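Q: Could you take me through one helix of this protein up close? I'd like to know what it packs against, which of its residues are tucked away, and how it sits among its neighbours.

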Amino acid sequence: MFAPRAVVYHKLAATGGGTTASFYDGRNFIYLLVKDVPGCIWRRHWPQIVRGQARIAASALRAWRGPAARARLRGQAAGVLGIPKMLAKRRAVQAGCKVTAEYLEALLSPEG
């Protein structure tokens with residue numbers, strides 16, 4: 001269901017924060033990109049999408065001694081390994097899309 005006027009308040013991180021949250025942030029963002037981003041947006045913006053994920057990985061590599069950074073990298077790796085599973089779910093998600101690609105495109109911010 002799409003509710004454009006919905007407001008959500010987060011009191012705590014559902015994953016508890018720290019290394020656990022970093023792992024799931026890394027993994028789930030890859031999952032979101034594969035499963036939920038329409039093909040026309042991928043075709044138009046894939047260089048920026050890939051560059052953004054590479055920047056996150058590079059930042060985590062620079063902070064290698066930090067457990068959250070290592071967890072983020074493990075999460076990104078798990079996300080990449082989970083791509084076949086997400087591609088299987090992608091058809092159903094994209095078939096149920098209720099907003100246009102133009103609307104989603106209008107929500108995107110310039111790279112910066």
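**A close look at helix H1**

A: Helices H1 and H2 pack with their axes 12 Å apart, at an angle of about 170°. Anything over 145 degrees counts as roughly antiparallel, so that is the label for H1 and H2. On the H1 side, the contact is made by Phe 29, Ile 30 and Leu 33, and on the H2 side by Trp 42, Ile 49 and Gln 53. Keep in mind as you look around that this is a predicted model.

Let's zoom out for a moment to get our bearings. The protein chain has five helices and zero strands, so reading from the N terminus you get α-α-α-α-α. Its C-alpha trace spans about 45 × 35 × 30 Å along the principal axes. Of the 112 residues in the chain, 23% are buried. Here's another number about the fold: take the contacts between residues at least 6 apart in sequence, and 78% of them join residues at least 24 apart.

Now back to our helix. H1 covers residues 18-36. Is its length what you'd expect? With 19 residues at 1.5 Å a residue, H1 should span 27 Å, and its end C-alpha atoms turn out to be 26 Å apart, which agrees. The buried residues of H1 are Ala 21, Ser 22, Gly 26, Ile 30, Tyr 31, Leu 33 and Val 34. What lies over them? The cover includes H2, H3 and H4. You've already met H2, so let's visit the other two.

Start with H3. The axes of H1 and H3 are 7 Å apart, and the two helices pack at about 30°. That angle makes H1 roughly parallel to H3, because the cut-off for that label is anything under 35 degrees. The crossing of this pair is right-handed. Quite a few residues take part. From H1 come Thr 19, Ser 22, Phe 23, Asp 25, Gly 26, Arg 27, Ile 30 and Tyr 31. Across from them, H3 brings Pro 67, Ala 68, Ala 71, Arg 72, Arg 74, Gly 75, Gln 76, Ala 78, Gly 79 and Val 80.

H3 deserves a quick check of its own. It runs over residues 67-81, and its 15 residues should span 21 Å at 1.5 Å a residue; the end C-alpha atoms are 21 Å apart, which agrees. Its buried residues are Ala 69, Ala 71, Arg 72, Leu 73, Gly 75, Gln 76 and Gly 79, and what covers them includes H1, H2 and H4.

Next stop, H4, which covers residues 83-95. H1 and H4 also have axes 7 Å apart, but here the packing angle is about 45°. That makes H1 oblique to H4, and the crossing is right-handed. Ile 30, Tyr 31, Leu 33, Val 34, Lys 35 and Asp 36 are the H1 residues in this contact. Waiting for them in H4 are Ile 83, Lys 85, Met 86, Leu 87, Lys 89, Arg 90, Val 93 and Gln 94. Ile 30 is a nice residue to follow, by the way: it turns up in the contact with H2, in the one with H3 and in this one with H4.

What about aromatic rings? A search of the whole structure finds one aromatic pair. It joins Phe 23 and Tyr 24 edge-to-face, with 5.2 Å centre to centre and 85° between the planes. Phe 23 has 22% relative accessibility, so it counts as partly exposed, and Tyr 24, at 31%, is partly exposed too.

Leu 32 is also found in H1. With 37% relative accessibility, Leu 32 counts as partly exposed. From Leu 32 to Lys 98 you travel 66 residues in sequence, and the C-alpha atoms are 16 Å apart in space.

Last, a glance at what comes before the helix. Phe 2 lies in the segment before H1, and its 44% relative accessibility makes it partly exposed. Compare Phe 2 with Ile 30: they are 28 residues apart in sequence and 21 Å apart in space, C-alpha to C-alpha. So what does Phe 2 touch, leaving aside its neighbours within four places in sequence? The contacts of Phe 2 are with Val 99 and Tyr 103.

Definitions and conventions: Residues are numbered from 1 along each chain as its sequence is written. This is a predicted model: local features need pLDDT of at least 70, side-chain atom pairs count only at pLDDT 80 or more; totals for chains, interfaces and linings use all residues. Side-chain values use heavy atoms; hydrogens and water are left out. Rings of Phe, Tyr and Trp (its six-membered ring) pair if their centres lie within 6.5 Å; planes under 30 degrees apart count as stacked, over 60 as edge-to-face and the rest as tilted. Buried means under 20% relative accessible area, exposed over 50%, partly exposed in between (1.4 Å probe, protein chains only). Helices (H or I, at least four residues) and strands (E, at least two) are DSSP runs, numbered from the N terminus. The expected span of a helix is 1.5 Å times one less than its number of residues. Contact means heavy atoms within 4.5 Å. Axes are lines fitted to C-alpha atoms, for helices over the stretch in contact, and angles run from 0 to 180 degrees between N-to-C directions. Angles under 35 degrees count as roughly parallel, over 145 as roughly antiparallel, 65 to 115 as roughly perpendicular and the rest as oblique. A crossing is left-handed if the near helix is turned anticlockwise from the far one by less than a right angle, and right-handed if clockwise.
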